Amino acid sequence: MKPFGQEFEFARMLGFQMVERGDGRCTMAIDIEPKRHFSPQGAAHGGVAYSLADTAMGGALTSMLGDDQWCATLEIKFNYHVRVGEGRLTCEAEVLHRGKRIANVDARLYQEGRLVSSANGNFAIFAAPAAA
């Protein structure tokens, strides 16, 4: 399985943590801190949850790709259901369908066992630059 984690600065800066990954699934988490992640309205900024979902969805798909393939987000439909506060936010992502060039991935985000957001996205699959 292709390695995947927090090898890029954006994920490290936000504090993403890999929980489990493999076979078209990926679970990632972040510990939401008010000083670091809250918007002026006193809740986690929506971009934090969206970024966690996007990253976990990419992690789910790359667990199915060979070293000669990459993926990129084409589009994501993201739903915010309830406020995200301080504490652990977990995202569970799963590849629903993988074609030759496009994959569809689903994600659910939970805080304290409660569904707080959901997402569905399409990802492009293409040859890695070194393999092209």
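**View 1. Helix α3 has the length expected of it in this predicted model.** The helix has 17 residues. At 1.5 Å a residue, α3 should span 24 Å, and its end C-alpha atoms lie 24 Å apart, so the two values agree. Helix α3 covers residues 46-62. Is α3 mostly covered or not? Mostly covered: 13 of its 17 residues are buried. An α-helix has 3.6 residues a turn, so residues three or four places apart point the same way.

**View 2. Six strands make an open sheet.** Their order is β1-β2-β4-β5-β6-β3, and the pairing is antiparallel. Strands β1 (17-22) and β3 (69-80) stand at the edges. Each has a single partner strand, so one side of each is left without a neighbour in the sheet. On average, neighbouring strands are turned by 20° against each other, direction ignored. Strands of a sheet pair through backbone hydrogen bonds, either parallel or antiparallel.

**View 3. Edge strand β3 pairs with β6, and α3 packs on the sheet.** Strand β6 spans residues 114-127. Eleven bridges join β3 and β6 in the antiparallel sense. Which residue of β6 stands opposite Trp 70? It is Phe 126. Helix α3 touches β1, β2 (25-32), β3, β4 (87-98), β5 (102-111) and β6. The direction of α3 makes about 140° with that of β3.

**View 4. Arg 21 of strand β1 reaches two residues through polar atoms.** Arg 21 has a relative accessible area of 15%. The cut-off for buried is under 20%, so Arg 21 counts as buried. Gly 59 is 38 residues away from Arg 21 in sequence, but the two are 7.1 Å apart in space, C-alpha to C-alpha. A polar atom of the Arg 21 side chain lies 2.9 Å from the backbone oxygen of Gly 59. The side chain of Arg 21 also makes a polar contact of 3.0 Å with the side chain of Thr 62.

**View 5. The largest nonpolar core has 32 residues.** Ile 30, Leu 52, Met 57, Leu 89 and Leu 109 have the most contacts inside it. At least two core residues come from each of α1 (9-14), β2, α3, β3, β4, β5 and β6. Which element gives the most? Helix α3 does, with eight residues.

**View 6. A close-up of the surroundings of Ile 30.** Neighbours within four places in sequence are left aside here. Ile 30 is in contact with Leu 14, Gly 15, Phe 16 and Gln 17, among others. Its contacts also include His 37, Val 48, Leu 52, Gly 87, Arg 88 and Leu 89.

Technical notes: Residues numbered from 1 in each chain as written. Predicted model: local features only at pLDDT ≥ 70, side-chain atom pairs only at ≥ 80, totals over all residues. Heavy atoms only, no water. Pairing = 2+ DSSP bridges. Helix = DSSP H or I, 4+ residues; strand = E, 2+ residues; numbered from the N terminus. Axes fitted to C-alpha atoms, helices over the stretch in contact; angles between N-to-C directions. Contact = heavy atoms within 4.5 Å. Expected span 1.5 Å × (residues − 1). Buried < 20%, exposed > 50% of the residue type's maximum accessible area, 1.4 Å probe, protein only. Polar contact = N/O pair within 3.5 Å; in protein donor to acceptor, adjacent residues only side chain to side chain. Core = buried A, V, L, I, M, F, W, Y, C linked by side-chain atoms within 4.5 Å.
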